[in-house]
Amino acid sequence: MSLTDSRVRQKLVLQENEMNKRKITIGCLTALVLSMTSTVALAEVIKFHHDLPDTSAQHKGAVKFKELVEAASNGAYEVEIYANNALGDDVEVAQQMQFGAVQAAPIPTAKLANFSPSLQLIDLPFLFPSVEATYALLDSEEVGGAMLKSLEESGFVGAKFWESGFKQLTCNHLVSKPEDYVGRNVRVMESPLLIAQFEALGATAIPVAFSETYTALQQGVVECQENPIVSINSMKFYEVQDYMMLSNHGYIGTAFIFSKVWFDAQAPEMQDILMTAAREAGDYQRQVSAEDNGRLLQEIIDAGTTEVVEMTPEQLALFAEAMQPVHEKFADRIGSDLLEAAYAEINSFSK
């Protein structure tokens, strides 16, 4: 073989080796891309609904849930958060959850009363003497656990109670005694118990959608309403109300629920991840809610459009007495045994 032939053959071998290397590289890149594509395709979307803006403690809790689930599941789940009723109002979303169209949501317990009457316990006026007593009751197995368990019959899996917080009264006239509500139109959530609460004061309770409450107040369809500070602030109700009475007369808890038909289809280890994340995010959400309360109240005061009045213990005692018949009226619907257990838990915590 001549020297020229040898060099040609050597060059051909080198070219062939280079081509093989390129094929291997391309093959590896293709496999990597396919692997990445496969991972993305396998990520299951969890639609997460809530009814407040993305500045709220509720939204921050949702973001924490997203972080916890996506990290613990190694990307098996992708949580999409829909704030501010983007998927519909709470009742509409709860109905969607029954057949798995939405997978997770913290929904006010008053709006779940039609699915589980026992949840009306949380909406009883002047039930909770303090934040600490509230959490102790809602996190207990005997009371809080029983209420969450009761949701299963309606197609939900309850994980934990989140919160919007203690409710305050707002009105276009100063309220200092129960008689100040006689003949007034008051906006309430669609809840028989909350309707009865204001009827006990001689008011006319008018259910109005949360998203339509500002307009109803502005146009005089209703004169008063009740909500936690976060809602009064975020929905700017203080712009169309002359007085805000700090009463802490009621509490809005939100039941964090999963769609049961969807949850039951998940592997047991994934169910554990979801439940743990909902509970940890709930603890975080409560903490943020408490931290935000003072700041949001100060923003309302600084706006200067409504006079903020702190009600005295004597005034609150009169309201508690006037609203006490609501406890008795709804005892059977809530469950007398559950209500008695709640009273006992709260009394023992207060001692």
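Is Asn248 buried, exposed or partly exposed? Asn248 counts as partly exposed, at 42% relative accessibility. Buried means under 20% relative accessible area, exposed over 50%, and partly exposed in between, using a 1.4 Å probe and protein chains only.

This is a predicted model, in which local features need pLDDT of at least 70, side-chain atom pairs count only at pLDDT 80 or more, and totals for chains, interfaces and linings use all residues. Residues are numbered from 1 along each chain as its sequence is written, and side-chain values use heavy atoms, with hydrogens and water left out.

**The chain as a whole**

- The secondary structure comes to twelve helices and nine strands. Helices (H or I, at least four residues) and strands (E, at least two) are DSSP runs, numbered from the N terminus.
- The chain has 351 residues, and 48% of them count as buried.
- Among contacts with a separation of 6 or more, 75% link residues 24 or more positions apart. Contact means heavy atoms within 4.5 Å.

**Salt bridges**

- The count comes to 13 salt bridges. A salt bridge is a side-chain nitrogen of Lys or Arg within 4 Å of a carboxyl oxygen of Asp or Glu.
- Glu70 and Lys66 form one of them, at 2.8 Å from N to O. Both residues lie in helix α2 (residues 57-72), four residues apart, about one turn of the helix. An α-helix has 3.6 residues a turn, so residues three or four places apart point the same way.
- Glu70 is partly exposed at 23% relative accessible area. Lys66 is partly exposed too, at 25%.
- Lys167 pairs with Glu226, and their closest N and O atoms are 3.0 Å apart. Lys167 sits in strand β4 (residues 156-171) and Glu226 in strand β7 (residues 224-228), so this pair ties together parts that are 59 residues apart in sequence. Both Lys167 and Glu226 are buried.
- Lys260 and Asp264 meet in a salt bridge of 2.6 Å, N to O. Lys260 is partly exposed at 24% relative accessibility, and Asp264 is partly exposed at 43%.
- Lys60, Asp292, Arg295 and Glu299 are joined into one network by salt bridges that share partners.

**Arg187, a buried charge**

- Arg187 belongs to strand β5 (residues 185-188).
- Arg187 is buried but has no salt bridge. The nearest side chain of opposite charge is Glu226, 6.9 Å away. Lys and Arg count as positive and Asp and Glu as negative, while His and the chain ends are not counted.
- The Arg187 side chain reaches the backbone oxygen of Val208 at 2.9 Å.
- Beyond its neighbours within four places in sequence, Arg187 is in contact with residues including Ile206, Phe210, Thr213 and Glu226.

**Helix α10**

- Helix α10 (residues 268-303) has 36 residues. From first C-alpha to last it reaches 50 Å, close to the 52 Å expected at 1.5 Å a residue. The expected span is 1.5 Å times one less than the number of residues.
- A kink of about 35 degrees is centred on Asp292 in α10. The bend at a residue is the angle between axes fitted to the seven residues ending there and the seven starting there.
- Gly304, just after α10, takes a positive phi of about 70 degrees.

**Two buried helix residues**

- Ala342 is in helix α12 (residues 336-350). Ala342 is buried, at 0% relative accessibility.
- Ala342 and Ser140 are 202 residues apart along the chain, yet their C-alpha atoms are separated by 9.6 Å.
- Leaving aside neighbours within four places in sequence, Ala342 is in contact with Leu121, Leu137 and Val143.
- Leu217 is in helix α7 (residues 213-218). Leu217 is buried, with a relative accessible area of 2%.
- The C-alpha atoms of Leu217 and Asn185 are 10.0 Å apart, with their positions 32 residues apart along the chain.
- Not counting residues up to four places away in sequence, Leu217 touches several residues, among them Val222, Phe237 and Val240.

**Positive phi outside glycine**

- Most residues other than glycine have a negative phi.
- Lys236 is not a glycine, yet has a positive phi of about 60 degrees. Lys236 is in the loop between α8 (229-234) and β8 (243-259). Lys236 is partly exposed, at 37% relative accessible area.
- Asn248 is not a glycine either, and has a positive phi of about 50 degrees. Asn248 lies in strand β8.

Notes:
A polar contact is a pair of N or O atoms within 3.5 Å; within protein, one must be able to donate a hydrogen and the other to accept it, and residues adjacent in sequence count only if both atoms are side-chain atoms.
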